[in-house]
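Please examine the sequence and the model shown below. The paragraphs that follow lead from one residue outward to the wider architecture.

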Amino acid sequence: MKTFNFSLIIILIAVACSNSSIQKKRTMEQRLSILTIGVKDLSAVRTFYEQKFGWTPEAVNKDIVFYKINGSLISFFPAKALAEDAKVPYTEGSSGHYALGYIVNNEKEVDELFAQLESKGVTIVKRPVKTFFGAYSGYVQDVEGNLWDIGTNPLIPLDAQNNVVAHKDIRHLEQQ
């Protein structure tokens, strides 16, 4: 199988972003351009996101799929190929320790989204509940166990396009 050259994409993105507005004193801007997740079965993952979540690929080939999400991209790439490209060890059966977050405007939207996903056979890991700090969220899982935290959070305002505006101060939530 021909391995997709993920490094080439990174180089192309770097070249495209090398304008004067990016060349500041800061090493890296606080933003996410692409989140790449290594998967075991790219075809099954792609089917899940397109049929269950209703997403449309931004770019795709047999080796990788990209979806535009707000002002950034999420991509799914075979885990073994990703490890090889990054020059890190690949361990069969390992999973990441992360959750992808999806924020909506209110509890009604959370409940409606959970109902839609459940009707499509999406695994509900944790039904939405109210948190001590006013958020309302729950978890669903894709076909490979990747977690999505879906909820509303008064500490994370969204703009008109549902992009995260900021995260309000959370120091008051520290455990004493």
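Leaving aside residues up to four places away in sequence, S72 touches L32, S33 and Y67. The model in which these contacts appear is a predicted one. S72 is located in strand β4. S72 counts as buried because its relative accessible area is 14%, under the 20% that sets the limit for a buried residue. A further relation across the chain involves R31: this residue and S72 are 41 residues apart along the chain, yet their C-alpha atoms are separated by 8.8 Å.

One of the contacts of S72, Y67, leads to the aromatic residues of the protein. A pair of aromatic rings is described by the distance of the centres and the angle of the planes. The structure holds 13 aromatic pairs. One of them joins F53 and W55 in an edge-to-face arrangement, with 5.6 Å from centre to centre and 65° between the planes. Both F53 and W55 are buried. Another edge-to-face pair is formed by Y67 and F76, whose ring centres lie 6.3 Å apart and whose planes make an angle of 70°. Y67 and F76 are likewise buried. These residues belong to a wider group, for ring pairs link F48, Y49, F53, W55, Y67, F76 and W148 into a cluster.

Strand β3 also contains F66. Is F66 buried or exposed? F66 is buried, because its relative accessible area is 8% and the limit for burial is under 20%. F66 and F77 are separated by 11 residues in sequence, and the distance between their C-alpha atoms is 9.0 Å.

The strands β3 (64-69) and β4 (72-78) also take part in the largest pocket, where each supplies at least two residues of the lining. The same holds for β5 (99-103), α4 (107-119) and β8 (147-152). Which element gives the largest share of this lining? That element is α4, with 5 residues. In total, 33 residues line the pocket, and those nearest its centre are I69, N70, G101, Y102 and I103. The space within the largest pocket amounts to about 1200 Å³. By chemical class, the lining comprises 19 nonpolar, 9 polar and 5 charged residues.

Helix α3, which spans residues 79-86, offers a view of burial within a helix. Its buried residues are A79, A81 and A83. The elements covering these buried residues include β1 (34-39) and β4. After α3 comes K87, whose phi is positive, near 65°. Most residues other than glycine have a negative phi, and most peptide bonds are trans. N162, also a residue other than glycine, has a positive phi near 65°. N162 is found in the segment after β8. With a relative accessible area of 37%, N162 is classed as partly exposed, because this class covers values between 20% and 50%.

F132 provides a further case of surface exposure. Where does F132 lie? F132 is in the loop between β6 (123-130) and β7 (136-141). F132 is exposed, because its relative accessible area is 67% and the exposed class begins over 50%. F132 and L173 are 41 residues apart in sequence, and their C-alpha atoms are 9.2 Å apart in space.

The individual residues may now be placed within the overall fold. The protein has 4 helices and 8 strands. Along the sequence, these elements follow the pattern α-β-α-β-β-β-α-β-α-β-β-β. Of the contacts with a separation of 6 or more, 48% are between residues 24 or more positions apart. The protein consists of 176 residues, of which 28% are buried. Its accessible surface comes to about 11700 Å², and carbon and sulfur atoms account for 54% of that area.

Conventions. Residues numbered from 1 in each chain as written. Predicted model: local features only at pLDDT ≥ 70, side-chain atom pairs only at ≥ 80, totals over all residues. Heavy atoms only, no water. Buried < 20%, exposed > 50% of the residue type's maximum accessible area, 1.4 Å probe, protein only. Contact = heavy atoms within 4.5 Å. Areas by Shrake-Rupley, 256 points an atom, 1.4 Å probe, with all protein chains shown as cover. 1 Å grid on protein atoms, 1.4 Å probe; cavity = no way out; pocket = protein on both sides within 12 Å on 5 of 7 lines; lining within 4 Å. Points joined across faces, edges and corners; volume = space filled by probe spheres on them. Nonpolar A, V, L, I, M, F, W, Y, C, P; charged D, E, K, R; others polar. Phe/Tyr/Trp six-rings, centres within 6.5 Å; stacked < 30°, edge-to-face > 60°.
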